[in-house]
Amino acid sequence: MIKLHNITYTDDGKKIAYEYAVEQHIQKFFDNNQPYYVKYGVDVSQVPDSIAVIPFLSNIMPIAWFVGFDVHVPEVDKTFYESLTSLKEEFNTYHPDKKFKGSLQAEKLIENTIEGAEKCLLFSGGLDSFESYTRNYELNPYLISIHGADVEITDTKRWGDFVRYNQEEKIVNNDKLFYIESNLRDFYTYQVELLVDIGWWGKIQHGMALLGVIAPLGYHLGIHKIFIGSSNTEEIDFGWGSSPNIDEKMKWANSEVVHDGYHLRRTDKIDNIVSYSQQNDIQINLRVCYSEQRDGYNCNVCAKCQRTMFGFILSGANPNEYGFNVPDHLYELIFRNFESGSSMTEGLKYEWKCLQIKASEMTEFFVLNNKEIEQKEIEKFMTLDLDQLINQKSESRKTKQKLRFIIRNKFPWLRELYRKIRY
């Protein structure tokens, strides 16, 4: 089991530290040198312990379920405790091969009430969060970004850029910006990743983790409703760490979570961003990737950047006006994703399929250089058979991916060497 002994505050009440003991037989899943913590920009030391414990449990409990150990705490919010049962069942639905045995043991269940009716939005600066912000702008929500999620805590340069970009956005109300720091991806070892054949953050952790760390700040600020931008739509159903069935089951006190934009494809969201920007005569600079090769808002070459830029083109908008610097060989980059020997997941196939649908429906597109040539490229893209790439050499690819992951984590110096050679 894991037993939480104490919750302490440092840095003038801004940092919550959790003192917990891990039994020997599950020690391999946790980094002794990095006990879990969360840090806010304001003093949260007056928040009840039953609320302050939620960030810790939101990150620990999924591990407990998959590994099969109990977690003991002195007290916890009653609503959150009850929500864990539904969350556990939801993960078990998508992972029926796992035996979910771990549970939370609390000495006291506390009923809490949040005094206030404020709203907040998890804000990464990407398409999902920006689009959600434009639709909920009149609510004047707090925008909460988490250092340690997409940007490593040690990467102060990229985080500094992120903060600066937020401050430079005309649409963003700087008085409502809040930042949270947490080692939510560093307190456990690579052994946790292997519980789901790698991909723990995306497949399992991120929905509960990102929402859970808001709890103490939300209690302090009187935040009653939390918005988190959707990643997918109901058109595709696979195990993912953020969905309506997970996010909206995350509750504490009298709070409410809204998995926002679930009815919208990413191409629809791009349309909404373009429409909002044009109608309000305001520029929006998206940050859709966190590549180490990024120089500016985006790297402009990764597959995610490609898909987003292409989406703007199909919407008749210039991607260069939305935070991108479109490479001259964009269409060449796009087609490299479908070369012989390539493979992709169902999730990625869906993203490209949405672009094919958008291309078939469009009447005009944004021309980068030569309309006739680019029209042919788009028509060629529309004829691609995406299904043939699904699971192509998937077992071999998964085995190699897993082996590379284990080697990188067992021998971290090799990872640094690889980075130097690559970049």
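This briefing walks through the strand pairings, enclosed spaces and a few individual residues of the structure above. Please keep in mind that the model is predicted. Two parallel strand neighbourhoods come first, one around β4 and one around β6. After that come a pocket of about 210 Å³ and the 2 cavities of 30 Å³ or more that the structure holds. Four residues in loops and a helix round things off.

**Strands around β4**

- Strand β4 covers residues 71–77, and 5 of its 7 residues are buried, leaving the strand mostly covered.
- One parallel partner of β4 is strand β1 (residues 2–10), joined to it over 2 bridges.
- To find this pairing in the viewer, look for K3, whose bridge partner in β4 is H72.
- Strand β5 (residues 104–110) is another parallel partner of β4, and here the pairing extends over 6 bridges.
- A handy landmark for the pairing with β5 is V73, which stands opposite A106.
- The chain elements β4, α3 and β5 together form a β-α-β unit, and the unit is right-handed.

**Strands around β6**

- Strand β6 (residues 118–122) runs parallel to strand β9 (residues 223–229), with 4 bridges between them.
- Within that pairing, I223 of β9 has E118 opposite it.
- β6 also pairs in the parallel sense with strand β7 (residues 142–147), this time over 3 bridges.
- For the β7 side, the pair to look for is C120 and Y142, which stand opposite each other.
- A right-handed β-α-β unit is found here too, made of β6, helix α4 (residues 127–135) and β7.

**The second largest pocket**

- The second largest pocket holds about 210 Å³ of space.
- It is lined by 20 residues, and those closest to its centre are Y94, D237, F238, S243 and Y262.
- Helix α3 (78–94), the helix of the β4 unit, supplies at least two residues of this lining, as does α9 (244–247).
- By residue class, the lining has 9 polar, 8 nonpolar and 3 charged members.

**The two cavities**

- The largest cavity contains about 80 Å³ of space.
- Its lining consists of L127, R266, T267, I270, R307, T308, G311, E351, C354 and L355.
- Three helices each bring at least two residues to that lining: α10 (266–280), α11 (303–314) and α13 (346–361).
- The lining of the largest cavity is a mixed one, with 4 nonpolar, 3 polar and 3 charged residues.
- The second largest cavity contains about 40 Å³.
- Around the second largest cavity sit S230, S231, N232, T233, L264, R265, R266, K269, Y350 and E351.
- Helices α10 and α13 each supply at least two residues here as well.
- The lining of the second largest cavity divides into 4 charged, 4 polar and 2 nonpolar residues.
- R266 and E351 are worth a look, as they appear in the linings of both cavities.

**Two threonines with backbone contacts**

- T189 belongs to the loop between β8 (177–182) and α6 (190–193).
- With a relative accessible area of 19%, T189 falls under the 20% limit and therefore counts as buried.
- A polar atom of the T189 side chain lies 2.5 Å from the backbone oxygen of K28.
- T134 has its place in helix α4, the helix of the β6 unit.
- T134 is buried as well, at a relative accessible area of 9%.
- The side chain of T134 reaches the backbone oxygen of E131 at 2.6 Å.

**Two residues with positive phi**

- Most residues other than glycine have a negative phi, which makes the next two residues good ones to inspect.
- D11 has a phi near 50°, a positive value in a residue that is not glycine.
- D11 sits in the loop between β1 and β2 (15–22).
- The relative accessibility of D11 is 38%, so this residue counts as partly exposed.
- I198 likewise has a positive phi, near 65°.
- The loop that holds I198 is the one between α6 and α7 (200–212).
- I198 is buried, at a relative accessible area of 12%.

Definitions and conventions
Residues numbered from 1 in each chain as written. Predicted model: local features only at pLDDT ≥ 70, side-chain atom pairs only at ≥ 80, totals over all residues. Heavy atoms only, no water. 1 Å grid on protein atoms, 1.4 Å probe; cavity = no way out; pocket = protein on both sides within 12 Å on 5 of 7 lines; lining within 4 Å. Points joined across faces, edges and corners; volume = space filled by probe spheres on them. Nonpolar A, V, L, I, M, F, W, Y, C, P; charged D, E, K, R; others polar. Buried < 20%, exposed > 50% of the residue type's maximum accessible area, 1.4 Å probe, protein only. Pairing = 2+ DSSP bridges. Right-handed = clockwise from strand over helix to strand, strands pointing away. Polar contact = N/O pair within 3.5 Å; in protein donor to acceptor, adjacent residues only side chain to side chain.
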